[in-house]
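Reader: I have a structure open and some labels I would like explained. Can you take me through them?

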Amino acid sequence: MTQQQTPVMIDHQDGDEPLSNHSDNTTFQQVFEKRMSRRSLMKGSLGTAAMLGFFAGTGYSGMAHAGSNRHSPLIGFEAIPVDASDRVTLPKGYVHQVILPWGEPISGNLPAFDPLSNSGEDQAHQVGSHHDGMHFFPIEGQDPYQGSSEDGLLVMNHEYVEPRFMHASAQGQALSRSAVPVKADGTRNADEVLKELHGHGISIVRMKKQADGQWAIEADPRNRRVHGLTEMEISGPVRGTDFVKTRFSPEGTRTRGTLNNCAHGVTPWNTYLAAEENWAGYFINHAEQPREQSRYGVAKEGSGRYGWELADSGDDRFVRFDVTPKADSATEDYRNEVNGFGWMVEIDPFNPDVRPVKRTALGRFAHEGVVFQPAVEGQPVVCYSGDDARFEYIYKYVSAQPYFKATAGGHLLDNGTLYVARFNEDGSGEWLPLVFGMGPLTPENGFNSQADVLVNTRSAADAVGATKMDRPEWGAVDPKTREVYFTLTNNSRRTEADAANPRVENNWGQIIRWREQDDQVTAKTFEWNLFVLAGPESDSDLAGQHLDGGNIFNSPDGLWFDADARLWIQTDMSESVVNTGPWEQFGNNAMLAADPVNNVIRRFLVGPIGQEITGVVTTPDQKTMFINVQHPGATTTPEQFAAGELFGHWPHDGAIYPRSATVVIRREDGGVIGS
């Protein structure tokens, strides 16, 4: 029996990362406040007349009306009400199926899921924990709007784990969702650590529609896990530099694993990009920290997020999470291990023999995901990514080489220019280049190479004067207009407003959008406005009108355009506030559909207790939708867990604990989802 003591307590709350941006850069709220000062904007609330003036003055069309009850040629379902029950709720005429819950075996001949007996090695062949970003690749490997709608590779991220649900040693302990069982000698059981590492990462599973309309796993050699120990290549300007040389890879070309994979991206050449979001907390450095650690929030005291460095085996796979210098050189210890994280990871879902690649030219920060502009033959590849932490930034990458379908590949992500956004109060914006030798990015200011700029992307963005945002998360590009939408989830620590982040103590969040100058996606300037300010009826705005019972929401997170240009919006209220106080009016986290032209938003789905709704994609024919339910039951208190009284038990599949899982949605009449 495992010996126990007081568990390591490391919270995983709003924003996930500690606040680490202490620069004097202008905040988005300051920009907005100046822009709106002549339009009667009051701190903490929004005047309808003021917002009518704001939206009317931005140059965007179709802003005259809004609401959940207006006619929309895109949205054909009736909005469902707010719900706080432990179930998935959909509009009339829709049905759903639950597939691929955490622990489902996907490769090899493995025992059935049992969190109290499955080993660390078992988890390497099972669906990971805490599902997040996701994409459906038709089995032919064709364009996402073509190919099979009944057979494909479903690829999804697994953001983090809840150790209390994974180990027999956790039973009877009063553990929060981020605490771990620790032995009396202060170490952790090595197999439990292995299981948690394998619970992170990505699952690649072939799914096929059956004759009865249900979806099931199809045996396939491509079914596999990419996890916290998978060997990966480092590419781009950082490859081979002193920043990433370790005992494991003295040449600085490889690293092991990917962690905290939140949203994702899909390249124009049909590969998958997994984002590494809140990776910094997994590491500990008890010595003086360089800026590539301190600016990202690497811990100085206690242990890493899960205490993996405390594993009782002394195994090199676990020791590496202690990045305190312990030898004479970086090639003899793991002081640089943390620099191998914070990147976008490219994975070829169709070829298990191709090693995943960390694309360093896209920058190092808390990547929520990445979204691409439609590729045009002979033109550069363009994509955008948000840094999901309070007061961080939005980035754009433009490849140096043009896209040609016949030769396109990951090399286009290794050589290009990374920009960061500045939002001006007059509705204009600028893309500021993060290029060594340009502006303040010089040796005199502490930047010595392009690799230095990229490893320290946040510091470089600070230096050039980017606009500090309210947790930029998912992005989406309108397939018809090429306008870019980004969710700014919330920021309760904001004390000053600006144009793009218009509320102090921003509990509710907003969605911003921009159009590149002259519709040229490689432009260095853009025009922006706010699509919607989320929140209660008294403090929200959609084209000059408040949200109502059919579309009220807050904390927008996931975002995705389908082929018909419906915008799907997913919410992520923290489990610490959901269904309490002023958040009670919103019910459980939900997903809504928006028609951005006619300014209609309607609630489409409400999830079970304690979860966030995340990950959304349809099959090419748009008649099947996949979404993820992450961390159901997360509102279970430590005391309830110790007593075996779980608050929320979705999906009610006979398992002793709640399980993140994927939900398949279809219309009973076989029609297009949302229409």
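**Labels and the values behind them**

Author: Start with Asp519, which counts as partly exposed at 47% relative accessibility. Keep in mind that this is a predicted model.

Reader: Why is Asp519 called partly exposed?

Author: Buried means under 20% and exposed means over 50%. Asp519 has 47% relative accessibility, so partly exposed is the label. Asp519 sits in the loop between strand S24 (510-516) and strand S25 (525-533). Its phi is positive, about 60°, although Asp519 is not a glycine.

Reader: Ser555 also has a positive phi. Is Ser555 buried or exposed?

Author: Ser555 is buried, because buried means under 20% and Ser555 has 2% relative accessibility. The phi of Ser555 is about 55°, and Ser555 is not a glycine. Look for Ser555 in the loop between S25 and strand S26 (556-561).

Reader: What makes the fold as compact as a globular protein of that length?

Author: The secondary structure first: nine helices and 32 strands. The radius of gyration is 23 Å, and the globule rule gives 26 Å for 675 residues. The two values are close, so the protein is as compact as a globular protein of that length. Along the principal axes, the C-alpha atoms fill a box of roughly 65 × 65 × 50 Å. Of the 675 residues, 64% are buried. Take the contacts between residues at least 6 apart in sequence: 67% of them join residues at least 24 apart.

Reader: What does the surface consist of, and how are the charges placed?

Author: About 22,200 Å² is exposed, with 48% of it supplied by carbon and sulfur atoms. There are 58 positive and 89 negative side chains. The centres of the two sets lie 3 Å apart.

Reader: How do you know that Cys262 and Cys383 are not bonded?

Author: A disulfide needs cysteine sulfur atoms within 2.5 Å. The closest cysteine sulfur to that of Cys262 is in Cys383, 17 Å away, so the gap is too far for a bond. From the other side, Cys383 is in no disulfide, and the nearest cysteine sulfur to it is that of Cys262. A search of the whole structure finds zero disulfides. Both cysteines are under the 20% cut-off for buried: Cys262 has 4% relative accessibility and Cys383 has 2%.

Reader: Why is helix H4 called largely enclosed?

Author: H4 covers residues 190-199, and nine of its ten residues are buried, so the rest of the structure largely encloses it. The buried residues include Glu192, Lys195, Glu196 and His198. Among the elements that cover them are strand S4 (151-158), strand S6 (201-209) and helix H6 (316-319).

Reader: What makes helix H8 largely enclosed?

Author: Seven of the eight residues of H8 (residues 457-464) are buried, so H8 is largely enclosed by the rest of the structure. Arg458 and Asp462 are among the buried residues. The cover includes helix H5 (291-294), strand S19 (416-423) and helix H7 (450-455). Gly465 follows H8, and its phi is positive, near 90°.

Reader: Why is Gly128 called buried?

Author: The cut-off is under 20%. Gly128 has a relative accessible area of 0%, so it is buried. Gly128 lies in the loop between helix H3 (120-123) and strand S3 (131-138). Leaving out residues up to four places away in sequence, Gly128 touches Trp102, Gln123, His158, Gly199, Ser203 and Arg225. Gly199 is one of the buried residues of H4. Arg225 is 97 residues from Gly128 in sequence, but their C-alpha atoms are 8.0 Å apart.

Reader: How do you know that Trp215 is buried?

Author: Trp215 has a relative accessible area of 5%, and buried means under 20%. So Trp215 is buried. Trp215 is in strand S7 (residues 215-217). Ile99 is 116 residues away along the chain, yet the two C-alpha atoms are separated by 7.6 Å.

Reader: What kind of peptide bond joins Trp650 and Pro651?

Author: A cis bond, with omega about 10°. Pro651 lies in the loop between helix H9 (638-642) and strand S32 (661-667).

How values were computed
Residues numbered from 1 in each chain as written. Predicted model: local features only at pLDDT ≥ 70, side-chain atom pairs only at ≥ 80, totals over all residues. Heavy atoms only, no water. Helix = DSSP H or I, 4+ residues; strand = E, 2+ residues; numbered from the N terminus. Rg over C-alpha atoms; globule rule 2.2 N^0.38 Å. Buried < 20%, exposed > 50% of the residue type's maximum accessible area, 1.4 Å probe, protein only. Contact = heavy atoms within 4.5 Å. Areas by Shrake-Rupley, 256 points an atom, 1.4 Å probe, with all protein chains shown as cover. Lys, Arg positive; Asp, Glu negative; His and termini not counted. Charge placed at Lys NZ, Arg CZ, Asp CG, Glu CD.
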